[in-house]
Every structure is written in structure tokens, then in C-alpha cells.
Amino acid sequence: KGLRSPQESVNDLSPIESFRIPTKEELRELHEEPADPQAQQEIINSIEEVYFSNDSFDIVKYELERLPPVLSLQELEEYRDKLKQQQAAVSKKVADLILEKQPAYVEELERVTSLQSGLQLAAVICTNGRRHLNIAKEGFTQTSLGLLANQRKRQLLIGLLKSLRTIKTLQRTDVRLSEMLEEEDYPGAIQLCLECQKAASTFKHYSCISELNSKLQDTLEQIEEQLDVALSKICKNFDINHYTKVQQAYRLLGKTQTAMDQLHMHFTQAIHNTVFQVVLGYVELCAGNTDTKFQKLQYKDLCTHITSDSYIPCLADLCKALWEVMLSYYRTMQWHENHDQDEAAVVSSDGNNVIGTEENCFDRNYVKKKLEHGLSRIWQDVQLKVKTYLLGTDLSNFKYDDFIFVLDVISRLMQVGEEFCGSKSEVLQESIRKQSVNYFKTYHRTRLEELRMFLENETWELCPVKSSFSILQLHEFKFLEQSRSPSVSPSKQPASAISSTVTLFEQYCNGGNPFEIQADSKDDETEDVLASNGYESDEQEKSAYQEYDSDSDVPEELKRDYVDEQTGDAPIKSVSRETLRSRKRSDYNLNKVNAPILTNTTLNVIRLVGKYMQMMNILKPIAFDVIHFMSQLFDYYLYAVYTFFGRND
């Protein structure tokens, strides 16, 4: 609105703030009043406080309300004079203040006038500036800034296009991940998934990315599940490339220790599943697959359904399957040892990243201790499973060769355990000792009864053997030979072969199975024995030993005398026996000086001694019992010889 003069400004003051110029009468009264400043100050101080209150105070109303009920003219005039004195004192005080501030007022008024001139000049400058800005806007700014705005928008759109392409790639990642999982490229799949998660966190401000991020997390969990399945495959068929991929994948996830814990769980589960499936297969095969209740049985109960015919093949397959599991564990340890050596060589050549090196060293130590501790656990599980199988069937009625084969298999398995973890296989030794004691008592009882039958029917004739005959030529003493194949079981090979520097794990690391060779050797020996002087039953064994007493080469008259003697007739026994003996010596050509003196019963006792010695060689824990029983055989034979030939003397 522009500036106004001070007089105009004074007129705009409020009624309380306004003041008026005293009239001549008032000025005269002011001159008449004493000019004592102290007196005037006392008059001002005598003014009531209410007059100095806010603007809403009504002075007239206040004074009227103070009037007494009965009015007195004299009192009113006195009170009016008092108010006038107070008003005069205030007016004088105001006038003095005005006079006192007059120079400052003039100076301030000049400053205000100067400011008014400056503001007018500024208004002119602003008007000119706006006019020039309008000219620049129309001629230059709109076009140039429009180009800049379009360029900025172009850059934003390029960034948006790049983001959209990245999002499109992320959306298609699941297809590539599925392909990589089918190719078993677990490290690549995890690396890709982690990179996608990192990219997704960059674009998390897009609403479509939040859903994608959760999908990637689900995919990563799915990869971990498939990785766990892949880890379980190591337990039965170790593959270096496959295991390397699995370990690299777990390292990317930062779960090396978790992987080792899972691996031991899988090995334990693999042992249980393997033995159960092998035994179940034989049980169902013998049952004709007509009953499905076997799948619900516990392993201990399932072992009791194995028949005698399928016991040995099932035991061989059981040991083969357990060997594969232990070989996988052995090769797993080998892989970690080689891997640790390679990493140590890399770290020694590059000393950077000390923190990462310490973490890797801690992981390696954890894995090493876990694997070493797992050796005894794995072998203990194997022992318990085989023990349950061994004790699930009564072996007392098995054939001797079959029982020896069972002992050979268990002996080979105990050798595997000693090479695997240095264990003495106390569990297997105790279980095989129980079965051996049970079997040997029955076997010994049967052999004594058989020896009694031999002695009762023995004619005490010389057995036709070659002059070069040796007990080592008998099948029962084959285990004493020193030149055996290293593939034969420990019970059948000499001590020098057992102490060979090549372990079974080193020998069969790249293929083969020690229990397959064991089964083949058993079959070959059985065939050789049956082809030469073998027997399948006790009756055949007796006939084999008695075939040298065949009367096919004896003349009819000697046969007749012999038959008469047996039927109770009374021919001259001395003549017939002497004739029989002389003719047999002539027929069998046993007049050689160096021929050993043997009878069928003697040969039978020698064979039994060989079997007992073989049992002692395999079962050292019960060797004392076996040699005690063997001495009973000889005592029985010696007592029979004494009874027949020495009692009269």
C-alpha cells in the first residue's frame, strides 16, 4: 500500500495506545502544577493497577461502578481533581518521553524514507528481471530443458529396460535350474540360485520380485533336498566326480559340517536297508512270493525265516553288499585326504585371506575327526547286522564243508573289519564262537557214533594206498599247504600271505569283491573233492572208506567162506581168514616195504583229525575244546585197538 507519514501512522493506533495533545487549559494547569519529578512519579504510582490492564478494560464502567450509593458533589469534585492530576502527570510524562525520543524518531524516519526508496528501486529491478526471464524462457529454456528432460527420461527408460530384462531372466531361471539338476550339476545350480537371489534383492522394490524371491528360496530348499538324495547314493556306489560335485555344492551353501553329519546318517541307513533287502529277497524267494507279511517284520525276525539251503548264498550276498558300503566309506575318506592335501598346498602358496583359511581349516579338522569316529560306528553296525543273521539260524545240522565256508566268510569279514578300523571284531567272534560250539558238539557226537560203526564193522585189513601216501594229500589237510592263492580266505592261507602289505581295500578299490572270490573258491573245492574222494552224506562217506573192502576181486569160495562166517555157519575160521588175507595181499599188491600201514578206520580217524585241525585253525577261541574232542577220537580208536588185540596179553 506504500508508506505513510508518521502522523497517519499515529492515527491508526488503538484507543488505549492513542494519546491526544493537551489543550491550552490543560497546558496551563500543567504549568501550574509543580514540576517536581518525584512528586509526578508519586502521582503516577498512585494510579490504580487496573488502568494498566489489557485493552478490553472499560474505564467508564469501572468508575461508575465505584460511585457510592449516596452521591456527594464535593467528594465527586475532589475525586475528579485527583483523576485530572493523574492524567496531567501521565500526559506530562508522555510529552517528556516524546521530546526525549525526538532525535531518534527523526533519524528512524529518515531510514524509513531511504528504505522506501530502495524498495521502489528493487521493485523496478524485479520487474525488469521477470521480463527478461520470460524472454529467455520462450527463446531458450523451454527447448533446451525439454531436451535435457527427454534425455533424462531416456536414461531412466534404458535403466528400466535393463531391469525388466533382468527380471525376465530371473523369471526363466527355474527352467535352467531344472535342467542343471537333471544334469546333476549341483554346484552350478546353487551358484545360479544364489546369484538370482542377490539380483532379486537388488530389484526388491518391484512387486513382482517379492513373489520371485520366495520362489527362489523354495527352489534352493528343493536343491538341498535333491543334494541330500545325491549324497545318499554315495553310500552304495562311490563315484569321485559325483561326490566332488556334492561337496562343492555343500561348500557353496556353507554347510560342509551338516553334509558330513548327513553322510553318516545315510551310511547307517544304507547298512540297515541293504541287509534288510538282501535277507527279504531270499526269504520271499524261498516262500514263493506268496506272502507279503515279511516286509513288515523286523530284521531280527526276518533272519529266522532263512532256510538252510539259502543260508550260505544269502550270507555271501550280505557280505558283498556290506563290503560295497564299507568300500564307499573307505573311498570317501581317501577323497577327503587327497582334497585336504591339495587345499593345504594351495594355502601354503597363497597366504591371503587368513579368515577364510581358518574357517576351511576348522571344517577340514571337523570332517577328519567325524570320518575317523565314523569308522568304528559303521563297523559296529555291520557287526550287529551280521551277528543277528548268524544267530538267527541253527547251524548245528549243516554239512561240514558248508559250515567251514560260513566260518571262512566270517573270517574274511573280520579281516575286512581289522583293515577298516583296526577292530578285533569281538561281536562277530562271540557270535561265531556260540554257533561253533553248538555245531561242534553236534558234529563231534555224530562223528563218534560214526566211528563206533566203523569199528564194529572193521575187518582190520590193510587199506590199499600208494607208497608215497601223505596226509597232506587228503582234502581235509589242504589248508596246511603253503602255496595258496592270495584270494583265498584268511582261514585257508598261510600267515605269510596274511601279512601282505596290500590290504583288501587297496586290492579291490577299483572293482571286484573279496566275497565273490570266496564263493568261487568254495564251489571249486567242492567240485574237486567230490570228483576225487568226496562224499555228500555220512552213508556215502562210509561207503567211500569201505570201498577198499569190496569183494569184487575176491574169488567166489572166499566170498562164500566170509558169508558163512557172517551168517553163523562154522567153517574153519583160521583157514578162511588166513586164506582171505593172503589172497587180498596178492590181489592188491600190498607187499611193498614202504607202504604205510592203514585201515579204513585209521584213515577215517585221520580225516576227522584233519577236519578238527582245520576247525582249530579257523576258530582259535574254541581251539582248546576242539583239541579235547580230537583227543577223545584218538582215545576211542586206541581203546578199540586195545580191546581187539591187546586185552588177552
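Visitor: Where is W460 found in this predicted model?

Guide: W460 sits in the loop between α16 and α17, the latter spanning residues 495-498.

Visitor: Why is W460 called partly exposed?

Guide: Its relative accessibility is 22%. Buried requires under 20% and exposed requires over 50%, so W460, at 22%, counts as partly exposed.

Visitor: What makes the phi of W460 worth a remark?

Guide: Most residues other than glycine have a negative phi. W460 is not a glycine, and yet its phi is positive, at about 55°.

Visitor: Which phi value does S425 have?

Guide: The phi of S425 is near 55°, a positive value, and S425 is likewise a residue other than glycine. S425 belongs to the loop between α15 (400-421) and α16 (426-457).

Visitor: How do you know whether S425 is buried or exposed?

Guide: The relative accessible area of S425 is 0%. The cut-off for buried is under 20%, and therefore S425 is buried.

Visitor: What makes a group of residues a nonpolar core?

Guide: The members must be buried residues of certain kinds, Tyr and Val among them, joined through side-chain atoms within 4.5 Å. The largest such core here has 102 residues, and Y311 and V279 are among those with the most contacts inside it. Helix α13 (residues 308-349) gives the largest share of this core, 15 residues.

Visitor: Which residues does Y311 touch?

Guide: Leaving aside residues up to four places away in sequence, Y311 touches I306, Y389, L390, T393, L395, F398 and V406. A second, separate core has 9 residues, including L170 and C196.

Terms used. Residues are numbered from 1 along each chain as its sequence is written. This is a predicted model: local features need pLDDT of at least 70, side-chain atom pairs count only at pLDDT 80 or more; totals for chains, interfaces and linings use all residues. Side-chain values use heavy atoms; hydrogens and water are left out. Buried means under 20% relative accessible area, exposed over 50%, partly exposed in between (1.4 Å probe, protein chains only). Helices (H or I, at least four residues) and strands (E, at least two) are DSSP runs, numbered from the N terminus. Contact means heavy atoms within 4.5 Å.
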